[in-house]
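I open this notebook to record what I looked up in one structure. The entries follow the order in which I consulted it.

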Amino acid sequence: MSENVKSSVDKVCQETDCSEKMTDLTADQRELFKSFTYCPYCAEEMTLICNSCHEQLNSSDYKFCPWCGAEFTS
Ligand SMILES: [Zn+2]
Ligand SMILES: [Zn+2]
């Protein structure tokens with residue numbers, strides 16, 4: 001078992017400019033971004049990441065991060 005770290009799945013654009021814009025978003029806006037397929041700033045495809053280790057995930061259905069073992073709570 002993991003050391004019980006809590007994390008969440010985040011959906012981000014990997015462009016540095018866009019990820020900087022996204023850090024300024026409110027929690028509500030970040031929730032909305034999770035439903036997007038493409039970045040509203042640059043039209044790149046959005047990427048799911050672990051909020052704890054920032055590694056890329058290929059499913060939003062995971063209960064635990066396969067990279068750092070954090071538990072996803074939503
Ligand atoms: Zn972008
Ligand atoms: Zn992780």
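**Entry 1. Disulfides.** I searched for disulfides and recorded 0 in the structure. I note that this is a predicted model. For a disulfide I required two cysteine sulfur atoms within 2.5 Å. I then turned to the cysteines as metal donors.

**Entry 2. Zinc ion (ligand 1).** Which residues coordinate the zinc ion (ligand 1)? I listed the SG atoms of C13, C18, C39 and C42, at 2.3 Å. Along the chain, these donors follow the spacing C-x4-C-x20-C-x2-C. I noted that the pair C18 and C42 links distant parts of the chain, 24 residues apart. C18 belongs to helix α1 (residues 16–23), whereas C42 sits in the loop between α2 (27–33) and β3 (47–50).

I next looked up the geometry of this site. The angles among the 4 donor atoms of the zinc ion (ligand 1) run from 102 to 113 degrees, and the site is tetrahedral. I classed it so because four donors count as tetrahedral if all angles lie between 85 and 135 degrees. For reference, the ideal angle for four tetrahedral donors is 109.5 degrees.

**Entry 3. Accessibility of the donors of ligand 1.** Is C18 buried or exposed? I entered C18 as buried, because its relative accessible area is 4% and buried means under 20%. C39 is likewise entered as buried, with a relative accessible area of 4%. C42, by contrast, counts as partly exposed, at 33% relative accessibility.

**Entry 4. Zinc ion (ligand 2).** I repeated the search for the zinc ion (ligand 2). Its protein donors are the SG atoms of C50, C53, C65 and C68, lying 2.3 Å from the ion. I found angles of 108 to 112 degrees among the 4 donor atoms, and this site is tetrahedral. The spacing of the donors along the chain reads C-x2-C-x11-C-x2-C.

Where do C53 and C65 lie? I placed C53 in the loop between β3 and β4, and C65 in the loop between β4 and β5, so the pair ties together parts that are 12 residues apart in sequence. C53 is partly exposed, with a relative accessible area of 26%. C65 counts as buried, at 4% relative accessibility.

**Entry 5. Sheet.** I then traced the strands. An open sheet of 3 strands has the order β2-β3-β4, and its pairing is antiparallel. I recorded β2 (9–12) and β4 as the edge strands, each pairing on one side only. How many bridges join β2 to β3? I entered 4, with the two strands running antiparallel. At residue level, K11 has L48 in β3 as its bridge partner.

**Entry 6. Y62.** My last query concerned Y62, which I located in the loop between β4 (56–57) and β5 (71–72). At 32% relative accessibility, Y62 counts as partly exposed. Leaving aside residues up to four places away in sequence, I found that Y62 touches L57 and F72. Y62 and F72 are 10 residues apart in sequence, and their C-alpha atoms are 7.5 Å apart in space. I also recorded a polar contact at 2.5 Å between the side chains of Y62 and N58.

Conventions: Residues numbered from 1 in each chain as written. Chains lettered and ligands numbered in written order. Predicted model: local features only at pLDDT ≥ 70, side-chain atom pairs only at ≥ 80, totals over all residues. Heavy atoms only, no water. Donors = N, O, S within 2.8 Å, 3.2 Å for Na, K, Ca; no water. Tetrahedral: all angles 85-135°; square planar, octahedral: opposite > 155°, others 65-115°. Buried < 20%, exposed > 50% of the residue type's maximum accessible area, 1.4 Å probe, protein only. Contact = heavy atoms within 4.5 Å. Polar contact = N/O pair within 3.5 Å; in protein donor to acceptor, adjacent residues only side chain to side chain. Pairing = 2+ DSSP bridges.
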